[in-house]
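Biologist: I am new to this structure. Please walk me through it, and let me ask how each label is earned.

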Amino acid sequence: MTVKFVTSHPMDKYLRTERLPHIWCPGCGVGSVFDAFLHAVDSLGIDPNKLYIVSGIGCTGRAAGYAKFDSFHTTHGRPIPFAVGLKQVRPDLHVVVMSGDGDLFSIGGNHFVHAARRNNDILVVAMNNFTYGMTGGQVAPTTPTGTRATTSPYGNLEHHLNLPYFAAACGATYVARWSSLHVRRLKDSFEEALQRKGFRFIEAIGPCPTAWGRINAVREGIDMMRYLRDNTEIRDFEDPKNVGFRWGEKIIVGKFKDEEKPTFEESMAELREKLRRGLK
Amino acid sequence: MGMKSSPETKQEIWLERLVERYGIERPRGEIYVIKDRCKGCGFCIEFCPEQVLKASEEFNVHGYHYPILVEEEPLKVCVNCGFCTYVCPDFAIFSRPKEMK
Amino acid sequence: MLKAGFHYLSGNIAIAEGAIAAGCRFFGGYPITPSSEIAEHLSRRLPQVGGTYIQMEDEIGSIVAVIGASWGGAKSMTATSGPGLSLMMENLGLAVMTETPLVIVDVQRGGPSTGLPTLVGQGDVMQAKWGSHGPYEIIAISPESPQECFDLMIRAFNLSEEYRVPVLVLTDEVLSHLYEKVKIPPASKIKLVKRKYMKSPKDFDKQLKKWDLVPPMPPTGEGFAYHMTGLTHDARGYPNVSEEMQELLVRRLNDKIRLNADKIVDIDEFMMDDAECVLVGFGSVSRSIKEAAIRLRNEGKKVGVARLRTIWPFATKYFDELADKVRKIFVAEVNYGQVFLEVERAVHGKVPVELFEKMGGMIHRPHEIVEKVQEAYA
């Protein structure tokens, strides 16, 4: 049997096809995460008019521009407060933040902490390719210690963040880490997370062949994907404090936290209702 | 690596037994490729669990070698697992269930 | 909103109540003296009227949350002072670029830097206009009393909706803590501008053919699948980083204010009919210059007051025409010359303009202004 050549894809209904091909490099991990996300939305049958994507600046940040939902491409580091503001006024929408590691955890770190702390009802998808890809591969808070970046040419002297631990500590109620390779698990995780409430966080580790990969001996996307195949272990409900890793060692992936607690939006709505009844 | 025509691993032996001796029907898939979207990343080819994809000799309008099928009935076939569908960063390949007779 | 009638309000409270009367239902802010009372008051009032108060982690989060809430469909605002306004500058640019209606209240205090947290300043005037990068226009309004704080907040929200532009309301520490009688009209007498939304996704094609000076906004959650970005973009919202698109978009963002300047500019004229010498001021300084003008008139000097109720867009045409009729202009402001520079520019050298500056901490006393003017006459 041979492949059949066609001109459209089942997920095209969620894509701004007039803007394809997208800017992600061959071998980039963002595309796979994006693909898994759209499939999850499709499986759940979510009303695309009620999904809102917010992105920051960076390669992953371009996702908002390709997804055919109401979408907003904010300034660097600021998709989370935008999502928070939007959610206050439109609690009926699924608000999803899709952005990169530098955008969310460096310049945007403070916003992450507080949105998680407040348990704002948003889903944050963090593409972690260990670098600032769009600007050429500078060191980021997630660049593994010792690995090289354009601004850490002798090897990163700093200690990189353990994102699931960070998210859990700030108060996120759903915390998971997958990768561009674990697309099926990622899709399932997206489906789960989209049906939960509260501050939900999913980290997706993936290749950046053009920037980080090229100067760290995983020159092509496929090289990093093979590395992930050989060096990841799935351990659901592992204590997030144990999922830090050094480059070269095993990376633990899985769903680490899945809890429920009142969201900020629920509490605010309760307050409004209480006041409304009190004032009558 | 893919399966050879004479099965050697335990898995391959069992599969051959299930299919040929016991007549178990595996799900089958059809692969659709949007040639000009492919950027040649190789993810689908590398990670297809049945190893039935390979890079074509021809290239698309951007110069990339898109995937084509290399099935070998009855064991090395597309089983519609959907991995290529979910992993393709460019929405250039997807599988659909093949109608079973 | 508050019941119609007379209330005894401070400038800050009047701002807050004016916002509620204007239909504001979202406040995202961060405490900073001397604006905190606005946040405190709204944290109590907004849940009462079905709105949301959220205290964000910093001013940057605040302004971005306001942009998000505005796109969600609510009239949204924040309040801050000099240091916070500085932090908001990048995203003020985002609001301008995405044409997001919102209101930022800047209760000015002594600067620069941490400066005088509890004392008056008026040094944010230029920053209000030029603080963010790139060529753009915004509207800045300057009330002089708690009454105007209430009334002009309503105007601020109306202007922001009408022109799809951020509007800054520049008050100052003196005004913010000044308690005075404020007359609140009945809700039925308050005219509010409703946001203009697109009717269907086909409107995108219309705009792509010919981009309105102020295009309608796509509504959220109704199948428009709109995209908004801070990148230079076309009428569909998609990034288009070409020279042509930049000319088209950025020119329009500026022209929508520049070409409507006559409708926006608002000068409060006091004893101007036969004035030979004009005192210019804004905010809390307004009372000092008005009192000084009265005293100077009693001495027979033909002095008038041109008070800026809007600071940006600047009343260039007004001052250009005024320069043909008067002999001297004084600008009194609590900074080292900001509105002064604009007045000088506007009069094209036709008339001498003199600055009476106060660095911060105290507004001018009427007798100081009287003495300064008398010196000039001597």
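**Contacts, sheets and crossings**

Modeller: Start where two chains meet: 29 residues of chain A are in contact with 25 residues of chain B. Keep in mind that this is a predicted model.

Biologist: What makes two residues count as being in contact?

Modeller: Their C-beta atoms, placed from the backbone, must lie within 7 Å. By that test, 29 residues of chain A touch 25 of chain B.

Biologist: Which elements of chain A supply at least two residues each to the side that touches chain B?

Modeller: They are strand 1 (4-5), helix 1 (30-44), helix 7 (183-194) and helix 8 (221-231) of chain A. Helix 1 of chain A gives the largest share, six residues. By class, this side of chain A has 17 nonpolar, eight polar and four charged residues.

Biologist: How do you know that strand 1 of chain A pairs with strand 1 of chain B?

Modeller: Pairing needs at least two bridges. Two bridges join strand 1 of chain A to strand 1 (residues 29-33) of chain B, so the condition is met. The two strands run parallel. A:Phe5 has B:Val33 as its bridge partner.

Biologist: Why is helix 1 of chain A called oblique to helix 7 of chain A?

Modeller: Their axes come within 8 Å and cross at roughly 50°. Roughly parallel means under 35 degrees, and roughly perpendicular means 65 to 115. An angle of roughly 50° fits neither, so helix 1 of chain A is oblique to helix 7 of chain A. The crossing of these two helices is right-handed.

Biologist: Which residues of helix 1 and helix 7 of chain A meet?

Modeller: From helix 1 of chain A they include A:Val33, A:Phe37 and A:Leu44. From helix 7 of chain A they include A:Leu186, A:Phe190 and A:Leu194. The residues of this contact divide into nine nonpolar, three polar and three charged.

Biologist: Now chain C. What domains does the assignment give?

Modeller: It gives domain 1 (5-189), domain 2 (202-261) and domain 3 (266-377) of chain C. The centres of domain 1 and domain 2 of chain C, taken over C-alpha atoms, are 26 Å apart. Between those two domains, 14 residues of domain 1 contact 13 residues of domain 2. Helix 3 (59-72) and helix 4 (82-97) of chain C each give two or more residues to the domain 1 side. The largest share, three residues, comes from helix 4 of chain C. That side divides into nine nonpolar, three polar and two charged residues.

Biologist: There is an open sheet of five strands in chain C. What makes strand 11 and strand 16 of chain C its edges?

Modeller: The strand order is 11-13-12-15-16, with mixed pairing. Strand 11 (267-270) and strand 16 (353-357) of chain C each have a single partner strand, so one side of each lacks a neighbour in the sheet. The twist averages 20° from one strand to the next.

Biologist: How do you know that strand 12 and strand 13 of chain C pair?

Modeller: Five bridges join strand 12 (residues 277-281) of chain C to strand 13 (residues 303-308) of chain C. At least two are needed, so these strands pair. They run parallel. C:Leu279 stands opposite C:Val305.

Biologist: What makes helix 11 of chain C roughly antiparallel to strand 13 of chain C?

Modeller: Helix 11 (residues 285-298) of chain C packs on the sheet, and its direction makes about 170° with that of strand 13 of chain C. Angles over 145 degrees count as roughly antiparallel, so the label fits.

Technical notes: Residues numbered from 1 in each chain as written. Chains lettered and ligands numbered in written order. Predicted model: local features only at pLDDT ≥ 70, side-chain atom pairs only at ≥ 80, totals over all residues. Domains from an automatic or database assignment. Helix = DSSP H or I, 4+ residues; strand = E, 2+ residues; numbered from the N terminus. Nonpolar A, V, L, I, M, F, W, Y, C, P; charged D, E, K, R; others polar. Axes fitted to C-alpha atoms, helices over the stretch in contact; angles between N-to-C directions. Left-handed = near helix turned anticlockwise from the far one by under 90°.
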